[in-house]
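Here's a quick tour for anyone who likes to read a fold with the viewer open. Have a look at the chain first, then follow along.

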Amino acid sequence: VEQRKAQYGPRHPKVASAMLDLALYLKEQGDRTGAAAALQSMLAIVTDPLQRADGVIELVALTGKYSDIPTALAVIEKTATVPATRAVALNNLGTSIEPRDAKLAERLYRAALRAYRPTTTDPEYGSVLNNLANLLLNTGRAAAAEPLARKAVGIFKASLGREHPRTAIATSNLGDTLAAQGKLAGAESAYAEALAIDLAVHEPDHPDVVASQEKLEALRQHRK
C-alpha cells in the first residue's frame, strides 16, 4: 500500500486495490480488526463503482452487521448504474450474506437476475443463476432449482466452453438438483460429465476431480 501511495499518490485506484488486497489478506490471517480498518481506508478513497460496492460488501461479510446491508445496497444503487455492474454487486452481496440470511440473499439474487436480458450468455449471469439454484436446492426447492441450474450450464458452455472449471461446477450442481428429486439417471449423467470436464482441465489429484469422483461413485453405489 505504501509503495503504491508513493508511486501513484494517496487516492489512486491502484492504492484502493492494494488496500482491498491487504484487507483480504488480514481477514485470512484472522485479523478482522485490521481488515475492517483497511476496508474503511479503501472506501474513503475509492471511486470505481464496482470496486466501491465490493469494498462495502466485504465489510458487511467481515462484520456481520445487518445495519451495514442498507448501506451496501445504497452504494450499489447509487454508484453501480450500469445494470450488469449492479447485478455483479448484488450477486456478491447475496453470496456474502447467504449463510446468515437465505431469504434476503434470494431477493438479492433475483434482483441481480432482473438486470440481465434473458437471452444473454454473460458468464456472470450464469453465476447468479447457479447461486440462486444452489440456494433453492439448499432450502428444499430442488424442482425450482433445476431449470435455473440447466440454464446456468448452458450459459457457461456458450460463453466459456465445455471444458472450463465453471462449467464443471455448474454441471455438478445440476446433478445435485436432479439427485435431490430422485432423478438418479440424470444425476449420474451430470456427475459423469462434470468429472470428464474436471479431468480435462485439472490434474488427477485436484480437489475438484476428487470431489467429482466421490459424488459419482456414491451415486453409483446408491443405485446398485
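What follows goes from the overall layout to the cores, one aromatic pair and a single leucine.

## The overall picture

Keep in mind that this is a predicted model. The protein chain is helical from end to end of its element list: twelve helices and zero strands, so by the run-based assignment used here every element reads as α. Along the principal axes, the C-alpha atoms fill a box of roughly 65 × 35 × 30 Å.

How much of the chain is buried? Of its 224 residues, 42% count as such. Looking at contacts with a separation of 6 or more, 51% come from residues 24 or more positions apart.

## Surface and charge

The accessible surface adds up to about 11300 Å², and carbon and sulfur atoms hold 53% of that. On the charge side, there are 27 positive and 25 negative side chains. The centres of those two sets sit 7 Å apart.

## Two nonpolar cores

Which residues touch the most other members of the largest nonpolar core? They are I76, L93, I97 and L129, in a core of 42 residues. Plenty of helices chip in: those giving two or more residues are α4 (49–63), α6 (83–97), α7 (102–113), α8 (123–138), α9 (142–160), α10 (165–180), α11 (184–201) and α12 (207–223).

There's also a second core, separate from that one, with 17 residues. Its members include A16, A36, A38 and V56.

## A tyrosine pair

The aromatic pair count comes to one. The partners are Y116 and Y125, with ring centres 5.0 Å apart and 35 degrees between the planes. The pair is called tilted because that angle falls between the cut-offs, under 30 degrees for stacked and over 60 for edge-to-face.

Are these two tyrosines buried or exposed? Y116 has 9% relative accessibility, so it counts as buried, the cut-off being under 20%. Y125 is at 6%, so Y125 counts as buried too.

## Zooming in on L132

L132 sits in helix α8. Its relative accessible area is 0%, which means L132 is buried.

What does L132 touch, leaving out residues up to four places away in sequence? The list is E106, Y109, R110, L113 and L148. Of the helices listed for the largest core, α7 spans 102–113 and α9 spans 142–160. For a sense of how the chain folds back, L132 and T95 are 37 residues apart in sequence, while their C-alpha atoms are 9.6 Å apart in space.

Key:
Residues numbered from 1 in each chain as written. Predicted model: local features only at pLDDT ≥ 70, side-chain atom pairs only at ≥ 80, totals over all residues. Heavy atoms only, no water. Helix = DSSP H or I, 4+ residues; strand = E, 2+ residues; numbered from the N terminus. Buried < 20%, exposed > 50% of the residue type's maximum accessible area, 1.4 Å probe, protein only. Contact = heavy atoms within 4.5 Å. Areas by Shrake-Rupley, 256 points an atom, 1.4 Å probe, with all protein chains shown as cover. Lys, Arg positive; Asp, Glu negative; His and termini not counted. Charge placed at Lys NZ, Arg CZ, Asp CG, Glu CD. Phe/Tyr/Trp six-rings, centres within 6.5 Å; stacked < 30°, edge-to-face > 60°. Core = buried A, V, L, I, M, F, W, Y, C linked by side-chain atoms within 4.5 Å.
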